[in-house]
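Trainee: I have a two-chain model open and I'd like to learn how to read it. Could you take me through it, feature by feature?

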Amino acid sequence: MSNAMHNKTLTELKAGLAAGDFSSRELTEHFLARIQQHDGELNSFITVTAEQALAQADAADQAIATGNTGLLTGLPIAHKDIFCTEGVRTSCGSKMLDSFIAPYTATVVEKMAAEGAVMLGKTNMDEFAMGSSNETSYYGPVKNPWDLERVPGGSSGGAAACLGARLAPGATGTDTGGSIRQPAALNNITGLKPTYGRVSRWGMIAFASSLDQAGPMAQSADDCALMLQAMAGHDHRDSTSLNEKVDDYLGALNNDIRGLTIGIPEEFFPDTLDGAIADNSRDAIRELEKLGAKVVSVSLPSVKLSVPAYYVIAPAEASSNLSRFDGVRFGHRCDDPKDLEDLYKRSRSEGFGDEVKRRILVGAYALSAGYYDAYYRRAQQVRRLIRDDFARAFEKVDVLMGPTAPETAFKLGAKKDDPVSMYMADVFTIGVNLAGLPALSMPTGFINGLPTGTQIIGNYFREGQILNVAHKYQQATDWHKQAPVFGGEQ
Amino acid sequence: MAIDSKVVAQVAHLARLKVDEADSAALSDRLNDILAMVDQLQQADVTDVAPMAHPLDVTQPLREDEVSEPNVRDKALDIAPAAEDGCFLVPRVIE
């Protein structure tokens, strides 16, 4: 039953709502029923907000009846549990915030609600967005709908898995080192990390503030364009939010891509890369050549140092950001503290999981007296070299392309006790965050029944161009239409 | 420099984390794995390269010095683990 509501894209559902084929209440009830039926196996949601969703759906139906609609009116969306939602638990995947009911709503959530979106609930994630497999969540790992013994990637793994399994048609994610793109690749969906500062971080729980960026995740590029149109824009409450005009992403989708120059960084196709992963991305690039794009080879020599630079900068920022969780103002507090120091230490040690503690310790070490120059300062210098490599490449090309992730979804537990091997899951995505560039991952075929993705990286504020290229590719192919045989139906 | 249990204890104190002695050796090993990977940074030639803290060269915006935020004291205290008389409650720090 491939024309079932849950297999439709947001763009198709929006047309269906406008045509009166179904109401937002019917649509919302359909997805809530699917979540109830299937999420026991997947664990992609931490909180389902059925009551609020139905109230929002009814309001959307009213709005549709009176012709008073926004970009997302009546469309069900799942929010990553990193976005504060007033009156609804916002856990960030951590025991620390298990009982935290946010006292305010994040700008991203607010903007999407203002455009009429219906919130289905809050999706599972790696604790404080630190992880590439969703196994660090206090609420247990999310399963990959393509193979329940495998990880969905992370940290936006709940978002990607619920989209892959068609339990929601759209979801928000955040991406600090690949947390939208890598799970998008592993679940056969499309996800975009915008330019740093394009989408407000206000109300989005901070991990590494100079890298964190929210973005859309959905079945297709046109859906991501629709969501980004609602999410993007300046917010005076976030001092790093950029006051740049928001482009017409939807209007740019069908631009002609003849003459587009695609750069292929040799560093994204190293000799050690799995040949089948490389082939799928090369096939995707060839498809775009058929549509009139030109391909040139480029080099980003410093990008090979992205992972080491990131694992100084991100933990350093995290160690500072996470100092606010002290058991005093909100979040977990230990029982019977004997003094203030005991309160801090036990509340934090009980509230944080192992990976979060490791990163706080690495960050505190890198920032401590005597090590600052060797680690933090040097990592920031390398960060500039990486950005300069990208800037040089963009003098010659419009977009850069390569595989999103070096492998397909791995088995649950396979890398759990080996952080460094886990960190390499983001080897192709991290450079983009260090440089602050926008990038998208789109489905580009399978290996042994598991999805692979290809990344399209654009210059600053060129989200419209990236979405345009991805949309053209998706018009010519149907990889993004493939859904897992899940729960005995399709 | 390799991290040992002593360094772990020092850094854990700086970060106000409690590390059980039983976990300290395994934790040191993991941290050393991470630092060994990070040491690849030493390969880079960073002579005359200015550190980059932010991806785009922008400055902090300024606004008028006016009260723009509402008073949310009650909302903030409502979610505190312990509060009394409009204040967060912590163990006694002054005898």
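Mentor: Sure. Keep in mind that this is a predicted model. Let's start where the chains meet: across the interface of chain A and chain B there are 17 residue pairs in polar contact, both partners being at pLDDT 80 or more.

Trainee: Which elements give two or more residues to the side of chain A that touches chain B?

Mentor: They are α10 (306-321), α11 (340-351), α12 (354-367), α13 (373-393), α14 (419-423) and α15 (430-435) of chain A. Of these, α13(A) brings the largest share, twelve residues.

Trainee: And how do the residues on that side of chain A divide into nonpolar, polar and charged?

Mentor: You'll find 37 nonpolar, eleven polar and 17 charged ones. As for how many residues take part in the contact, chain A puts in 65 and chain B puts in 50.

Trainee: How do people usually express the size of an interface?

Mentor: Often as the accessible area lost when the parts come together. Here, the area buried between chain A and chain B is about 5200 Å², and carbon and sulfur atoms give 70% of that.

Trainee: Which three residues supply more of the area that chain A buries against chain B than any other three?

Mentor: Look for A:L361, A:Y365 and A:R378, which supply 13% of it.

Trainee: What about salt bridges: how many are there between chain A and chain B?

Mentor: The count is two. One of them pairs B:R16 with A:E341, and their closest N and O atoms are 3.9 Å apart. That pair makes the list because the cut-off is 4 Å.

Trainee: Now the backbone. What should I expect of phi and of peptide bonds in general?

Mentor: Most residues other than glycine have a negative phi, and most peptide bonds are trans. Chain A gives you cases of the other kind. For instance, A:G154 and A:S155 are joined by a cis peptide bond, with omega about 5°. You can find A:S155 in the loop between β3 (118-123) and α5 (157-164) of chain A.

Trainee: Which residue in the loop between α2 (24-42) and β1 (45-48) of chain A should I look at for phi?

Mentor: Go to A:N43, which sits in that loop. Its phi is near 65°, a positive value in a residue other than glycine. A:R166 also has a positive phi, near 60°, and lies in the loop between α5 and β4 (170-174) of chain A.

Trainee: Is A:R166 buried or exposed?

Mentor: Buried, because its relative accessibility is 3% and the cut-off is under 20%.

Key
Residues are numbered from 1 along each chain as its sequence is written. Chains are lettered from A and ligands numbered from 1 in the order in which they are written. This is a predicted model: local features need pLDDT of at least 70, side-chain atom pairs count only at pLDDT 80 or more; totals for chains, interfaces and linings use all residues. Side-chain values use heavy atoms; hydrogens and water are left out. Contact means heavy atoms within 4.5 Å. Buried area is the accessible area (1.4 Å probe) that two parts lose on being put together, summed over both. A salt bridge is a side-chain nitrogen of Lys or Arg within 4 Å of a carboxyl oxygen of Asp or Glu. A polar contact is a pair of N or O atoms within 3.5 Å; within protein, one must be able to donate a hydrogen and the other to accept it, and residues adjacent in sequence count only if both atoms are side-chain atoms. Helices (H or I, at least four residues) and strands (E, at least two) are DSSP runs, numbered from the N terminus. Ala, Val, Leu, Ile, Met, Phe, Trp, Tyr, Cys and Pro count as nonpolar, Asp, Glu, Lys and Arg as charged, and the others, Gly among them, as polar. Buried means under 20% relative accessible area, exposed over 50%, partly exposed in between (1.4 Å probe, protein chains only).
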